[in-house]
Amino acid sequence: MKQKYDDLSFQISKQTTQKYSTSFSLGILALSPKIRDAIYAIYGYVRLADEIVDSFHGYDKDVLLSRFRIQTEEALAEKISLNPILQSFQQTVFKYNIDKNLISQFLKSMEMDLYKIDYNSDLYKEYILGSAEVVGLMCLHVFVNGDKEVFEKLKPFAMKLGSAFQKVNFLRDLNDDFEVLGRTYFPGVNILNFDAKEKSQIEKDISEEFKCALEGIRMLPKSSKFGVYLAYRYYISLFNKIKKTPAKVILKKRIRISNSRKFSLMMSSYVQYKIALI
């Protein structure tokens, strides 16, 4: 029965999420069971593309990403794929009416990662849109169960949250992105001279996006509100730790929050959720 393959496909997307991200895995567990598989499918898909451009050194990344794009288009056209992650993703796209333009925008940003780009303000915004904001919008399609009216209402907030998450990632991975991958995303910033003033300006931008995003989280359906809020709390905790870390230190090591801290945040977030503080 094909159902066995479908079940396997979603299971592989789930395992991919658990392998790569403790934070998102815990956040997804806080979602309603009815929508968990769909979010695992989206994460598995974007992770696979991300791995191509970030990790597959020594291989022709252009060819691999181009093939991945073609396989994505084939999966969406034929509504089936022999790649389990693409199989679970295409099913999710059709079930929740995910706009295919979001997928194209995402892949465009992944292509940008194949080249050393001197990011100006416009290119930076375009990259953030495709690499983070549209991923938030894919998830929002699931959270609102395909309801277009509710989607449009919450769209700006989902984009802000995705953007804030990505910019925190940029700060956290500043050293690896520059030293290993040769990338610098923040426009006008010379990593070799990265200082407290530049760091503070970036953090101010992120803080404003987090503030806006929280308004949208409060308006999410019950099935997704706690899970998204939990992910928000994880990233706020990481962000606060980064803010307390000097610019020169960030250039030398990757800032993390411990698993014990994540579980503590999960418990406190649940209490806040239950007493309706969000």
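**Exercise 1. Leu161 and its surroundings**

In which helix is the place of Leu161? Determine also whether Leu161 is buried or exposed, and list its contacts beyond the sequence neighbourhood.

*Solution.* The structure is a predicted model.

Step 1. Leu161 belongs to helix 8.

Step 2. The relative accessible area of Leu161 is 10%. Buried means under 20%, so Leu161 is classed as buried.

Step 3. With neighbours within four places in sequence set aside, Leu161 is in contact with Phe210, Ala213, Ile217, Val228 and Tyr232.

Step 4. Ile206 lies 45 residues from Leu161 in sequence, and the two C-alpha atoms are 9.4 Å apart in space.

**Exercise 2. The geometry and packing of helix 10**

Compare the expected span of helix 10 with the distance between its end C-alpha atoms, then state which helices its buried residues pack against.

*Solution.*

Step 1. Helix 10 covers residues 196-218, which makes 23 residues. The expected span takes 1.5 Å times one less than the number of residues, so helix 10 should span 33 Å.

Step 2. The end C-alpha atoms of helix 10 are 33 Å apart, in agreement with the expected value.

Step 3. At the N-terminal end, Asp195 acts as the cap of helix 10, with a side-chain oxygen 3.3 Å from the backbone nitrogen of Lys197.

Step 4. The buried residues of helix 10 include Ile202, Ile206, Phe210, Ala213, Leu214 and Ile217, and also the charged residues Glu198, Lys199, Glu203 and Glu209.

Step 5. The partners against which the buried residues of helix 10 pack are helix 8 (148-172), helix 11 (222-243) and helix 12 (247-250). Phe210, Ala213 and Ile217, buried in helix 10, are among the contacts of Leu161, which is placed in helix 8.

**Exercise 3. The second largest pocket**

Describe the volume and the lining of the second largest pocket.

*Solution.*

Step 1. The second largest pocket holds about 300 Å³ of space.

Step 2. Its lining consists of 17 residues, and Tyr124, Lys125, Lys167, Pro187 and Asp205 lie nearest the centre.

Step 3. Helix 7 (121-143), helix 8 and helix 10 are the elements that each give two or more residues to this lining. Helix 7 gives the most, with six residues.

Step 4. Sorted by class, the lining has seven nonpolar, three polar and seven charged residues.

**Exercise 4. Thr16**

Is Thr16 buried or exposed, and which residues is Thr16 in contact with?

*Solution.*

Step 1. Thr16 is located in helix 1 (residues 2-20).

Step 2. Its relative accessibility is 14%, so Thr16 counts as buried.

Step 3. Apart from neighbours within four places in sequence, Thr16 is in contact with Tyr43, Gly44, Arg47 and Ile85.

Note on methods. Residues are numbered from 1 along each chain as its sequence is written. This is a predicted model: local features need pLDDT of at least 70, side-chain atom pairs count only at pLDDT 80 or more; totals for chains, interfaces and linings use all residues. Side-chain values use heavy atoms; hydrogens and water are left out. Helices (H or I, at least four residues) and strands (E, at least two) are DSSP runs, numbered from the N terminus. Buried means under 20% relative accessible area, exposed over 50%, partly exposed in between (1.4 Å probe, protein chains only). Contact means heavy atoms within 4.5 Å. A polar contact is a pair of N or O atoms within 3.5 Å; within protein, one must be able to donate a hydrogen and the other to accept it, and residues adjacent in sequence count only if both atoms are side-chain atoms. On a 1 Å grid over the protein atoms alone, a cavity is a set of points where a 1.4 Å probe fits but cannot get out, and a pocket is an open set with protein on both sides within 12 Å along at least five of seven lines; lining residues have an atom within 4 Å of a point. Grid points are joined across faces, edges and corners, and a volume is the space filled by probe spheres set on the points.
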